[in-house]
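Student: Could we go through this model together, one feature at a time? I'd like to hear the reasoning behind each answer.

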Amino acid sequence: MATRILLCDCLGSQKLDPGAIERATGLETGRVHTALCMHEGETAATALGRGDTLVACAQETAFFEMLAEELGVETPPHVDLRDRAGWSDEAGRAGPKQAALAAEALLTVPAPRTRDVMSEGRVLIVGSGEAAFDLAARCCDALAVTVLQTDAEAPPADRRFDIVRGALSRAEGAFGDFRVRIDGFAQLLPGGRGDFAFTEPRDGAVSECDILIDLTGDTPMFPAHHKREGYLRDDPRRPGALAEVAATAREMIGTFEQPLYVRTEPALCAHSRANQTGCTNCLDICPTGAIVPDGEHVRVDPMICAGCGACSSVCPSGAITYDAPPVASVFRRIDTLASAYRKTGGRAPRLLVHDGAHGREMIHLAARHGRGLPADVIPFEIDALAAFGHAEMSAALGAGFAAIDILPAPRTERATPAAEAVLANALAGGPRVRLLEAADPDALSEALYGVETAAPVADPALPMGTRRQVTRVATQALHPEGGVIDLPEGAPYGAVLCDTDACTLCLACVSLCPSGALGDNPDLPQLLFQEEACLQCGLCETVCPENAITLEPRMNLEPEALSQRVLNEEEPAACIECGALFGVQSTIDRIVAQLAGKHPMFAEGNAARMIRMCDDCRVKAQYHSDNNPFAAGPRPRVRTSDDYPTGGGSSGSGRRDH
């Protein structure tokens, strides 16, 4: 843990507030330096040699890493205060933001879980003619190459790589484990004079490879193909394309670490019950097809998952959560930024959520060549923008941020952030979250300056717990008056409405409810409901045989949402023999009306009476009836040896007792 921070004003181009940083973080600040990466390098070396130092410079990280290596000490952590706060039209008022960013830099973010992926360099190049053979020749000295030729051009005499012909009919898997099916498969015959010949084509050939290169120019073999590791696709007519693909493929041999982006809890999944489909949010939103049904739950293929995080945002139960980094660390960062900003006199900060490539570069260019960021806009870098869902947005608003701006990258899928922003705004009761479609750094600055925002919460909430718990607590902080908030269709919070005239209290909905929001009373015919636990998965609505259930998306902030309430109840039926309660009176009356005196089994009065008996009394009545279904014939006589005469003999009676 750092105990001091090394500050530099970058040749006097920025103004820093050491006092604010020290009050928020407790770090020893010392004096503000001017050129630590140049003529004050000896001062930097002395500070790094002491250890426990946070360097307030991101641009020259390579210099400080080299310096630490020469000194034989650990590489110091760093924080960017210049581009994000110091270079700005409002730099003079950016002290609270600098303090917040320094406080965030002190947090330890868990490293993502990983698994090893082995690539032996087996490459399948799919394409026609000269381009496929050219690429194979570029790669075959380092990789084991097979060309799947899709046309009839004469193959070269180069035997450094294999050549087959056919059509790729199916491809699945990912880097290190692609599996393909080839129809019309024909192998090259290496012998003979003249052009090479091929075997007779056959369908259904199956093969595996580590790297799949697509030069066909046809429709991509995979959804969101640019996110499929190991799948390289380019237009061979583009100048330099083959050289770029070859260079990339040659580096893809060895053992690699594949991050495990999400964590799953199958017991919480509300996908299906009893072959009835409920929630399909993650299946519908996954761009790569990494999520597939697996019985009552879903399964995530970690090799196909590209880590966009959309599934975590839309999962209503927490069965899938983003884990690189864990959601809890995101909540902790949000709270640290907000509390440090307030601690140093800031009042209404705004959060700018961006990725680590496009967003960081936009902020850097806006700071170096433009107006920079306003003093109240705190940048929040996250690897997966789609993982910043309504729960994270609500957590930020509940922690004290007045507004949130999401800056998507050009290749960011907009569907999830846009829908989650709509839900977060509904929970907040106003337009506090927006997506910024800024085409350039100047447009980014213009979109952020001069914006009027609503006042932040008066009593900030600490974002702790699951995403559902954090959302509820944050929404209560935003609406201290309580009440019920209407939410858009598809929201994972809401009520179950029951048509009591249609409901027969069959309790099919109770047996299939994945979250336990619906329950029953073992002593009385009642349908119970706890609104806070409802996922709005729709299973109850699907399985109800009477179509008596509908869903109402909403957030009920009243205490009643945390406890069970009765949705429907009826008078219990009492056994006419022993008086025990055994069913619903209205249901028994309907059965009697439909069967008594009409159905052959209940034509007689005594038989019809059994409908109104409990299970025990019904069995007793049947046993003592004239037409007892449990009665059996007379017990068979025991057989003895007398029943089996033996042959006569010269001695003895010819009889043995057994």
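**Walking through the model**

Tutor: Let's start with Met464, which is exposed, with a relative accessible area of 58%; exposed means over 50%, buried under 20% and partly exposed in between, using a 1.4 Å probe and protein chains only. Keep in mind that this is a predicted model, where local features need pLDDT of at least 70, side-chain atom pairs count only at pLDDT 80 or more, and totals for chains, interfaces and linings use all residues. Residues are numbered from 1 along each chain as its sequence is written, and side-chain values use heavy atoms, with hydrogens and water left out.

Student: Where is Met464 found?

Tutor: Helices here are DSSP runs of H or I with at least four residues, strands are runs of E with at least two, and both are numbered from the N terminus. By that numbering, Met464 lies in the loop between helix H14 (441–448) and helix H15 (467–478).

Student: And how many Å apart in space are Met464 and Phe161?

Tutor: In sequence, 303 residues separate Met464 and Phe161. In space, C-alpha to C-alpha, the distance between Met464 and Phe161 is 57 Å.

Student: On to strands. In which order do the 3 strands of the open sheet come?

Tutor: Two strands pair if DSSP finds at least two bridges between them. The edge strands, each pairing on one side only, are strand E23 (484–486) and strand E24 (494–498). With antiparallel pairing, the order is E23-E27-E24.

Student: By how many degrees are neighbouring strands of this sheet turned against each other on average?

Tutor: Axes are lines fitted to C-alpha atoms, for helices over the stretch in contact, and angles run from 0 to 180 degrees between N-to-C directions. For this sheet, direction is ignored, and the average turn between neighbouring strands is 50°.

Student: Which residue in E27 stands opposite Gly494?

Tutor: E24 and strand E27 (residues 549–556) pair in the antiparallel sense, over 5 bridges. Opposite Gly494, in E27, is Pro553.

Student: What about the hairpin of E16 and E17: which residue in the turn has a positive phi?

Tutor: Strand E16 (residues 291–294) and strand E17 (residues 297–300) run antiparallel and are joined by 4 bridges, with Pro293 standing opposite Val298 in E17. The hairpin leaves 2 residues between the strands, and the one in the turn with a positive phi, of about 70°, is Gly295.

Student: Now helices. Are H10 and H12 roughly parallel or roughly antiparallel?

Tutor: H10 and helix H12 (residues 390–399) pack at an angle of about 25°, with their axes 9 Å apart. Angles under 35 degrees count as roughly parallel, over 145 as roughly antiparallel, 65 to 115 as roughly perpendicular and the rest as oblique. So H10 and H12 are roughly parallel.

Student: Which residues of H12 make the contact with H10?

Tutor: Contact means heavy atoms within 4.5 Å. H10 brings Val327, Val330, Phe331, Ile334, Ala338 and Arg342. From H12 come Ala391, Glu392, Ala395, Ala396 and Ala399.

Student: How are H1 and H5 oriented to each other, roughly parallel or oblique?

Tutor: The axes of helix H1 (residues 18–25) and H5 come within 8 Å and cross at roughly 45°. On the H1 side, Ala20, Ile21, Ala24 and Thr25 meet H5 residues including Gln98 and Ala102. Going by the crossing angle, H1 and H5 are therefore oblique.

Student: Last topic, salt bridges. How many salt bridges does the count come to?

Tutor: A salt bridge is a side-chain nitrogen of Lys or Arg within 4 Å of a carboxyl oxygen of Asp or Glu. Some of them link up, as in the network of Asp89, Arg371 and Glu446. By this rule the count is 32.

Student: Asp323 and Arg113 meet in a salt bridge, so how many residues apart are they, and is Asp323 buried or exposed?

Tutor: Their N to O distance is 2.9 Å. Asp323 is in the loop between strand E18 (320–322) and helix H10 (327–343), Arg113 in the loop between helix H5 (95–105) and strand E3 (114–119), and the separation is 210 residues. Arg113 is partly exposed at 32% relative accessible area, whereas Asp323, at 8%, is buried.

Student: And which residue does Arg360 meet in a salt bridge?

Tutor: Arg360, in helix H11 (residues 358–369), has its partner 21 residues apart, in strand E20 (residues 377–381). Arg360 counts as partly exposed at 46% relative accessibility. At 2.6 Å, N to O, the partner is Glu381.
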